[in-house]
Amino acid sequence: MTDIRLHDVELVPERTLGSSTDDAPLRGRLTFGWDLLPADHAGAPSGWLSYLNATSDREFRQLLMVCSFRPETPESKGVFRHASLGVALSTPERDVQPIARLIDPGERTRPIAGPGTGVSFTVTTGVVDVGVERPPGAGPTREEWTVRGHGASQSNPQWEFRRVKGFPLVGDHPVAALVELVPGRLNTAQVLVAAELEHRSWGIRRYRAQLAPTPHAIVLAE
């Protein structure tokens with residue numbers, strides 16, 4: 001079990017050439033949450049424990065984060081097309097910084113049906129099981145990424161989220177970093193979120209999260 005701390009994020013439109021000056025901030029479409037866990041927490045990704053055993057002389061924390069994307073409503077138009085979550089790890093001293101030694105996921109994919117392939121749905125005890133039907137002669141399915149991580153062994157890991165055919169960018173998307181701490185220093189993580197929404201009449205609009213320092217500066221160690 002984890003104690004995710006949730007924050008509604010206000011998305012502020014970026015002013016670009018040709019964009020409307022009347023664009024208002026988007027509210028109620030994106031939630032960001034996080035929790036700080038022991039490095040060897042039971043829910044850690046497979047493979048992390050062996051890394052920890054090989055580096056037992058260092059101090060780590062697991063930073064779990066969740067971006068939750070909500071579907072469009074009559075009052076808030078536009079569907080999420082792409083989003084990014086960036087984390088800046090730091091200490092007050094510039095000479096040494098915390099490092100995200102491992103990140104999860106490196107890549108999360110979904111099966112995309114090829115030509116002539118259909119999608120089947122089976123409901124069992126309230127759980128929807130999505131399957132792929134391939135009639136004779138149908139094209140093969142392929143895996144396309146929906147979440148992709150960057151920046152392992154760096155101080156600025158980042159994850160990208162995108163919609164793909166048949167899988168809109170909605171719901172909860174958890175990511176995690178195994179952070180090596182700087183002993184005896186204040187270790188923090190600053191979060192930045194950006195998103196692209198596609199409007200039927202306006203086209204693509206870009207937004208950034210207006211993250212106030214106090215609730216969104218995560219203290220990893222003091």
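**Entry 1: strand E12 and its partners**

I began at alanine 189, which stands opposite isoleucine 218 in strand E14. The model I am reading is a predicted one. I then followed the pairing outward from this position: E12 and E14, the latter spanning residues 217-221, run antiparallel over 4 bridges.

I next looked up strand E4, residues 79-90, and found that E4 pairs with E12 in the antiparallel sense over 11 bridges. As a reference point in that pairing I noted alanine 83, whose bridge partner in E12 is alanine 195. Alanine 195 also has a bridge partner in E13, namely tyrosine 207.

Strand E13 covers residues 203-209, and I recorded 6 bridges between E13 and E12, again in the antiparallel sense. The connection from E12 to E13 is a hairpin through 3 residues.

I then asked how many of the 13 residues of E12 are buried. The count is 10, so I entered E12 (residues 187-199) as largely enclosed by the rest of the structure. The cut-off I applied for buried is under 20% relative accessible area.

**Entry 2: nonpolar cores**

I turned to the largest nonpolar core, which has 35 residues. Which of its residues touch the most other members? I listed Leu63, Met65, Leu85, Trp159 and Phe161.

I took leucine 85 for a fuller contact list, leaving out residues up to four places away in sequence. Among the residues that leucine 85 touches are Met65, Trp159 and Phe161. I also noted contacts of leucine 85 with Phe32, Cys67, Pro157, Gln158 and Val175. The list further includes Val191, Leu192 and Val193, and these numbers fall in the range of E12, residues 187-199.

A second core, separate from this one, has 8 residues; I noted Leu37, Trp48, Leu64 and Leu178 among them. For context I added that nonpolar side chains tend to be buried together in soluble globular proteins.

**Entry 3: backbone geometry**

I looked up two backbone features in loops. The peptide bond from aspartate 104 to proline 105 is cis, with omega near -5°. I located proline 105 in the loop between strand E5 (99-104) and strand E6 (107-112).

Serine 153 has a phi near 65°, a positive value in a residue other than glycine. I placed serine 153 in the loop between strand E9 (142-150) and strand E10 (158-162). Its relative accessibility is 43%, so I entered serine 153 as partly exposed.

I recorded both features because most residues other than glycine have a negative phi, and most peptide bonds are trans.

Conventions
Residues are numbered from 1 along each chain as its sequence is written. This is a predicted model: local features need pLDDT of at least 70, side-chain atom pairs count only at pLDDT 80 or more; totals for chains, interfaces and linings use all residues. Side-chain values use heavy atoms; hydrogens and water are left out. Buried means under 20% relative accessible area, exposed over 50%, partly exposed in between (1.4 Å probe, protein chains only). Two strands pair if DSSP finds at least two bridges between them. A nonpolar core is a set of buried Ala, Val, Leu, Ile, Met, Phe, Trp, Tyr and Cys residues joined through side-chain atoms within 4.5 Å. Contact means heavy atoms within 4.5 Å.
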